[in-house]
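Open the model in your viewer and keep the selection box at hand. The stops below go from one region to the next.

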Amino acid sequence: MPPPPVIELRAIDKWFGAVHANRGVSLAIARGTITGIIGENGAGKSTLMNILYGLVEADGGQILVDGAPVRLRRPADAIAHGIGMVHQHFLLVDRLTVLENVALGAEAAPLLGRALRAARVELARLERDYGLEVDPDAPVGALPIGAQQRVEILKALYRGARVLILDEPTAVLTPQETDRLFRILRSLKAGGVTVILITHKLREIMAATDTVVVMRRGEVVAERATAATDREALAELMVGRKVRLALDKAPAVPGPPALVVERLGLRDRRGVAVLDDVDLALNAGEIVGIAGVSGNGQSELLEVLAGMRAPTAGRITIGARIITRHAPADPAEMRALGVAHVPEDRRRFGLVAPFEARESAVLGYQRRAPFSRRGWLDPAALSRHCRALMTHFDVRPPIPTVPSAGLSGGNQQKLILAREIAPAPRVLLVGQPTRGIDIGAIEFIHRRLLALRDAGCAILMVSVELDEIMALADRILVMAGGRIAGVVAGADADERRLGLMMTAS
Amino acid sequence: MAAARRRPLPIWVDAGLLPVVNVLLALSVAGLIVLAAGVDPIDAVRVMLVGAFGSEEAVGYTLYYATNFVFTGLAVALAFHAGLFNIGGEGQAYLGGLGAGLVALGFDRILPAAILIPLAVAAAAGFGAAWAAIPGYLQAYRGSHIVVTTIMFNFIAAALMVYLLVNVLIAPGSMSPESREIGAVAQLPALHVLLRGIGLTVAPSPLNLSAVWAALCCVAVWLFLWRTPRGYELRVLGHNADAARYAGIDVGRTTVLALCLSGALAGFVGVNEILGVQHRLILDFAAGYGFGGIAVALIGRNHPAGVALASILFGALYQGGAELAFDFPSITRDMVVVIQGLVILFSGALANLVRPWLEAAIAPFVRDARGVDAIAEES
């Protein structure tokens with residue numbers, strides 16, 4: 001008789017209010033394999049993993065570990081059964097060392113000194129066995145993101161995890177760090193650990209997994225051996241229809257410069273330079289992509305260009321207006337100058353969660369006619385405008401009075417993009433155009449951005465997704481340490497080259 | 001992902017059933033206290049209800065108290081929509097009364113009522129707004145938190161009024177710290193007087209024209225918040241300051257504007273009290289209304305209609321509570337305050353106590369009526 005699967009889920013059901021997040025999900029995961037779970041946002045993959053980790057309890061169904069039914073009511077239960085999870089957002093204490101973080105809450109002895117000595121021995125073994133090198137005495141806050149992630153993995157292993165769930169682990173990593181993570185996953189597998197990888201990136205599924213489970217609308221719609229499938233087939237399974245992954249893009253026909261940045265600098269409150277000597281020219285009819293590891297000045301560059309922060313050095317020229325430290329422009333003026341802005345963090349900046357969609361659909365333009373006339377807001381005009389945006393950008397449900405927070409991420413993003421494109425801007429600043437949204441919407445948004453470019457708009461796009469930058473940008477600037485570390489023509493870019501520039505400084 | 005989001009309850013549960021359940025809970029606990037004092041709770045409730053609504057006079061008093069709560073409740077609610085917790089309603093109401101009183105005392109021998117009363121109302125708004133503007137400015141541009149500064153300004157207002165009434169405005173020859181009576185032209189007519197004018201006879205009460213003004217203010221606040229771009233900007237700031245910055249909304253100016261409007265609304269308590277009822281400047285006429293307004297706004301869910309209803313509830317508690325203490329010697333004035341406190345506790349701080357149970361009770365009925373989330377999730 002073959003050994004029972006290490007994890008078996010039987011007919012898992014979960015409701016959140018009116019939402020049926022998991023519909024009778026059954027799944028068996030064999031020991032010592034790497035299983036990928038993919039699906040669009042809202043497909044139920046995170047819910048399923050949260051059930052397996054004891055964060056939420058299923059309404060129905062059964063969980064078996066090594067063939068025996070178990071009840072997982074809290075993460076401690078899951079850990080006791082050898083299930084560990086690495087969350088997308090790390091749960092680490094920045095000021096403690098790696099060793100202290102790993103031992104935290106799982107100390108092997110009542111006295112800290114002895115507990116840490118024991119932890120150090122175990123940590124050294126884990127690092128050696130799985131190639132998870134980290135300096136045990138470094139404060140976690142001083143480590144790069146990739147190393148922090150290794151600390152999270154070590155934490156789970158230290159607690160005896162034999163099954164490791166990773167939720168979107170590569171979202172914050174450079175290509176080189178991603179490769180390293182996958183090498184670690186393979187050595188974990190060789191050591192008998194079972195890995196479950198949640199992702200929406202098809203390339204990673206192909207590169208790292210043995211089997212892949214596709215979820216859609218709360219159900220498992222397919223289970224495939226990775227070697228026997230391909231990206232196009234998986235994308236189709238995820239979305240439920242044919243998806244064209246490759247964009248056919250006509251070469252750009254750049255026009256005159258729409259926005260010129262010269263020697264732009266920005267210092268934060270402590271006087272640290274977050275932008276240093278940045279030069280760039282945005283031409284009409286061209287998409288310029290900014291690549292870089294998060295936190296290297298891309299966000300600040302967008303904020304300065306959008307008028308949300310004043311530069312501390314250099315200047316920005318838009319038509320006849322020259323913006324400097326002494327003559328800053330606020331976001332309202334930037335909009336009046338024809339600079340539209342799709343913010344990187346749409347929930348934080350792009351809309352007001354409890355507002356009706358029609359109210360969020362005029363954010364930043366609330367004083368313009370026809371929304372406002374003689375000091376009065378016209379709700380009928382808001383509804384008309386919102387309905388038009390929703391129709392053109394296929395926002396669902398197309399109801400202007402739904403709360404903005406009731407729209408899914410992709411639909412929120414489509415609404416924001418529609419709002420910013422509607423006044424026909426000369427310059428569009430886009431941060432993370434497709435972060436956390438599903439393939440169908442990504443395809444739609446990419447086509448819209450290209451159409452806008454072809455209509456003569458100058459587009460500056462910041463993205464952590466290299467694939468996206470390479471697919472869309474006509475010119476790619478790489479930022480590192482607040483400076484422009486290199487420029488590559490879109491057609492000549494490849495991942496390795498960009499990755500090296502990203503870590504250059 | 002909808003995973004962690006709390007399902008919104010249907011509006012009639014959220015705005016109707018939940019507050020009623022909360023008030024009933026508070027009254028049941030209050031019933032135990034009344035029982036401990038040796039009074040039959042059913043009797044006590046009957047006395048309170050009759051005391052608050054049982055006669056024309058009772059209704060008049062209830063609505064008179066409610067008028068003050070509408071002003072301070074709207075003040076707290078409006079500031080809250082901008083994300084500001086204005087707990088200085090007490091001082092702003094006090095100063096509003098000073099403004100109205102000074103205009104009345106200064107011009108009641110020169111100006112006719114048609115000019116004097118609007119001027120005094122404007123002065124109440126102006127003084128209240130100015131008193132709130134200082135903490136507003138300090139919050140917006142100097143980083144001093146308004147919860148600290150507005151409460152400090154309550155004390156400053158109290159001290160200022162004592163000084164003015166004892167040393168400056170005291171009526172010549174008077175032993176108590178009160179101004180002289182304002183002239184009849186500056187007095188707001190009581191509603192029973194107005195109704196008599198059109199042939200209706202109702203029992204006299206302090207209820208005056210300010211109640212109509214309070215109702216107009218409810219409508220005006222609603223129009224401002226939901227039908228003007230400035231109100232929109234104020235709400236953006238309150239819900240999401242980052243989005244306000246993104247949208248090019250001047251955060252500092254909007255903060256000061258919100259507090260000025262809030263202070264002006266609180267200042268209208270002075271119109272009701274000084275022009276409508278007391279007809280002179282006295283000490284402590286605003287006592288309790290500023291803080292009561294916080295509870296009113298909480299119970300009224302910061303919506304003008306809710307504020308109006310909650311104000312009537314509080315007016316009834318004030319008026320009915322007074323009757324209770326009057327009728328039962330074993331129930332002291334302090335116990336009435338405890339009962340009012342319980343209503344505040346259950347409707348404010350513990351407002352969501354029964355929410356999970358209500359959600360569970362309601363869930364079977366709303367699951368089939370599929371929510372917006374479900375539709376969005378599947379698109």
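In which sense do strand 1 and strand 4 of chain A pair, and over how many bridges? Select residues 7-16 and 60-65 of chain A: the two strands run antiparallel and share five bridges. Keep in mind throughout that this is a predicted model.

**Stop 1: strands of chain A**

Pick A:Asp13. Opposite this residue, in strand 4 of chain A, is A:Gly60. Now add residues 68-70 of chain A, which are strand 5. Strand 4 and strand 5 of chain A are antiparallel, with three bridges between them. Here A:Leu64 faces A:Pro69 of strand 5. The two strands make a hairpin with two residues between them. Click on A:Asp66 in the turn: its phi is positive, about 50°.

**Stop 2: domains of chain A**

Colour chain A by domain. Domain 1 covers 7-239, domain 2 covers 246-338 + 425-505, and domain 3 covers 346-424. Draw a line between the C-alpha centres of domain 1 and domain 3 of chain A; the separation is 37 Å.

**Stop 3: helix 13 of chain A**

Select residues 379-392 of chain A. This is helix 13, with 14 residues. At 1.5 Å a residue the helix should span 20 Å, and its end C-alpha atoms are indeed 20 Å apart, so the two values agree.

Which residues of helix 13 of chain A are buried? Show A:Leu382, A:His385, A:Cys386, A:Leu389 and A:Met390 as sticks; these are the buried ones. Look down the axis of helix 13 of chain A: the buried residues fall within an arc of 135°, so they line one face. An α-helix has 3.6 residues a turn, so residues three or four places apart point the same way. Turn to the face away from the buried side, where A:Ala380 and A:Thr391 are exposed.

Next, bring up residues 357-360 and 409-421 of chain A. These are helix 12 and helix 14, and the buried residues of helix 13 of chain A pack against them. Then step past the end of helix 13 of chain A to A:Asp394, where phi is positive, near 55°.

**Stop 4: two cis bonds**

Most residues other than glycine have a negative phi, and most peptide bonds are trans. Zoom in on A:Arg396 and A:Pro397. The peptide bond joining them is cis, with omega near -5°. A:Pro397 sits in the loop between helix 13 and helix 14 of chain A. Move on to A:Ala369 and A:Pro370. The bond from A:Ala369 to A:Pro370 is cis too, with omega near 0°. The loop holding A:Pro370 runs between helix 12 and strand 17 of chain A.

**Stop 5: helix 17 of chain A**

Select residues 495-502 of chain A. Buried in this helix are A:Leu498, A:Gly499, A:Met501 and A:Met502. Down the axis of helix 17 of chain A, the buried residues fall within an arc of 160°, so they line one face of the helix. What do the buried residues of helix 17 of chain A pack against? Their partners in chain A include helix 6 (175-190), helix 16 (466-472) and strand 13 (286-291).

**Stop 6: the core and helix 3 of chain B**

Show the largest nonpolar core, which has 269 residues. A:Leu164, B:Leu74 and B:Ala120 touch the most other members. Helix 3 of chain B, residues 56-81, gives the largest share of this core, with 16 residues.

Centre on B:Leu74. Beyond four places in sequence, its contacts include B:Cys217, B:Val221 and B:Pro304.

Step to B:Ala75, also placed in helix 3 of chain B. Is B:Ala75 buried or exposed? B:Ala75 is buried, because 37 other C-beta atoms lie within 10 Å, and 20 or more is the cut-off. Among the residues it touches beyond four places in sequence are B:Asn86, B:Ser262 and B:Gly293. Now pick B:Ile294: its C-alpha atom is 8.8 Å from that of B:Ala75, although the two are 219 residues apart along the chain.

**Stop 7: positive phi in chain B**

Go to B:His279, in the loop between helix 11 and helix 12 of chain B. B:His279 is not a glycine, yet phi is positive, about 60°. B:His279 is buried, with 20 other C-beta atoms within 10 Å.

End at B:Arg301, in the loop between helix 12 and helix 13 of chain B. Phi of B:Arg301 is positive as well, near 55°. B:Arg301 counts as partly exposed, with 17 C-beta neighbours inside 10 Å.

How values were computed:
Residues are numbered from 1 along each chain as its sequence is written. Chains are lettered from A and ligands numbered from 1 in the order in which they are written. This is a predicted model: local features need pLDDT of at least 70, side-chain atom pairs count only at pLDDT 80 or more; totals for chains, interfaces and linings use all residues. A nonpolar core is a set of buried Ala, Val, Leu, Ile, Met, Phe, Trp, Tyr and Cys residues joined through C-beta atoms within 7 Å. A residue is buried if 20 or more other C-beta atoms lie within 10 Å of its own, exposed if 12 or fewer, and partly exposed in between; C-beta atoms are placed from the backbone. Helices (H or I, at least four residues) and strands (E, at least two) are DSSP runs, numbered from the N terminus. Two residues are in contact if their C-beta atoms, placed from the backbone, lie within 7 Å. The expected span of a helix is 1.5 Å times one less than its number of residues. The arc is that of the directions from the helix axis to the C-beta atoms. Domain bounds come from an automatic or database domain assignment. Two strands pair if DSSP finds at least two bridges between them.
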